[in-house]
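Hi everyone, thanks for making time this morning. I'd like to walk you through one model, so please have a look at it while I talk.

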Amino acid sequence: MIAAVMVEQERLPSDVAAETYKAALMRIYRQQAEALMAKPKKAKAISKPLWHFDDKDTFARRKQKDRTVSFEFSRLPKTVIKELDAAVEAVLKKHLQP
């Protein structure tokens, strides 16, 4: 950061009034500080619909953010939810049981 301010300082003409010079240096310092303090943007979750429903409040979708995957279901019949639970459990048993 100091190196960047020094580079910017070299570009400033030294024959300007002290207050103008100071204001320009402070502006450069603030810009560099804001750039260093800015938080990196978080990765957004990628959402993919699994099925399209006529009702806007009913959905089935898969969301992925980095290595976290989630499946979201809304307003599905209880029988469908039970079958989904059983299917997920069966797949996990098949692949993860020793």
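**A walk through the model**

Let me start with a pair of charged side chains: D57 and K56 meet in a salt bridge, with 3.9 Å from N to O. Before going further, please keep in mind that this is a predicted model. K56 is exposed, with a relative accessible area of 75%, while D57 is partly exposed at 31%.

D57 has another partner too. R75 forms a salt bridge with D57, and their closest N and O atoms are 3.8 Å apart. R75 sits in the loop between β3 and α3 and D57 in the loop between β1 and β2, so this pair ties together parts that are 18 residues apart in sequence. Put together, K56, D57 and R75 are linked in a network of salt bridges. As a general reminder, side chains of opposite charge can pair when their charged atoms come close.

While we are at R75, have a look at its backbone. Its phi is near 60°, a positive value in a residue other than glycine. R75 is exposed, at 59% relative accessibility.

Now, what does the side chain of S74 meet? A polar atom of that side chain lies 3.2 Å from the backbone oxygen of D57. S74 belongs to strand β3, and with a relative accessibility of 18% it counts as buried. Leaving out residues up to four places away in sequence, S74 touches D57, T58 and F59.

That brings us to T58, in the loop between β1 and β2. Is T58 buried or exposed? It counts as buried, at 12% relative accessibility. Its side chain makes a polar contact of 3.1 Å with the side chain of D55. Beyond its neighbours within four places in sequence, T58 is in contact with F53, S74, R75 and L76. So S74 and R75 keep turning up around this loop: T58 is in contact with both of them, and D57 has a salt bridge with R75.

Let me zoom out for a moment. The protein has three helices and three strands, and from the N terminus the order is α-α-β-β-β-α. Of its 98 residues, 9% count as buried. The accessible surface is about 9100 Å², with 58% of that belonging to carbon and sulfur atoms. Among contacts between residues at least 6 apart in sequence, 11% join residues at least 24 apart.

How confident is the predictor? The average pLDDT is 85, and 86% of the residues score at least 70. Among the elements, helix α3, residues 78-96, has the highest mean pLDDT, 96, and helix α1, residues 2-11, has the lowest, 54. Where pLDDT is low, the predicted coordinates should not be read in detail.

Back to the strands, and to S47 in β1. The C-alpha atoms of S47 and K63 are separated by 4.4 Å, although the two residues are 16 apart along the chain. Leaving aside its neighbours within four places in sequence, S47 is in contact with R61, R62 and K63. S47 itself is partly exposed, with a relative accessible area of 40%.

K63 has a charged partner as well. It forms a salt bridge with E72, and the closest N and O atoms are 4.0 Å apart. K63 counts as partly exposed at 26% relative accessibility, and E72 counts as partly exposed at 23%. In total, the model has five salt bridges.

One more backbone detail: D66 is found in the loop between β2, residues 59-65, and β3. D66 has a positive phi of about 55° although it is not a glycine. This residue is exposed, with a relative accessible area of 61%.

Finally, the nonpolar side of the surface. Which residues form the nonpolar patch? They are L50, W51, V69, F71 and F73, with about 520 Å² of accessible area together. β1, residues 46-51, and β3, residues 68-74, each supply at least two of the patch residues, and β3 gives the most, with three. L50 lies in β1 and counts as partly exposed, at 38% relative accessibility.

To sum up, I'd take two things away. One is the salt-bridge network of K56, D57 and R75, and the other is the nonpolar patch, to which β3 gives the most residues. Thanks for listening, and I'm happy to go back to any part of the model.

Terms used
Residues numbered from 1 in each chain as written. Predicted model: local features only at pLDDT ≥ 70, side-chain atom pairs only at ≥ 80, totals over all residues. Heavy atoms only, no water. Helix = DSSP H or I, 4+ residues; strand = E, 2+ residues; numbered from the N terminus. Buried < 20%, exposed > 50% of the residue type's maximum accessible area, 1.4 Å probe, protein only. Contact = heavy atoms within 4.5 Å. Areas by Shrake-Rupley, 256 points an atom, 1.4 Å probe, with all protein chains shown as cover. Patch = residues over 30% accessible without salt bridge, like charges linked within 9 Å, V, L, I, M, F, W, Y side chains within 5 Å. pLDDT = per-residue confidence, 0-100. Polar contact = N/O pair within 3.5 Å; in protein donor to acceptor, adjacent residues only side chain to side chain.
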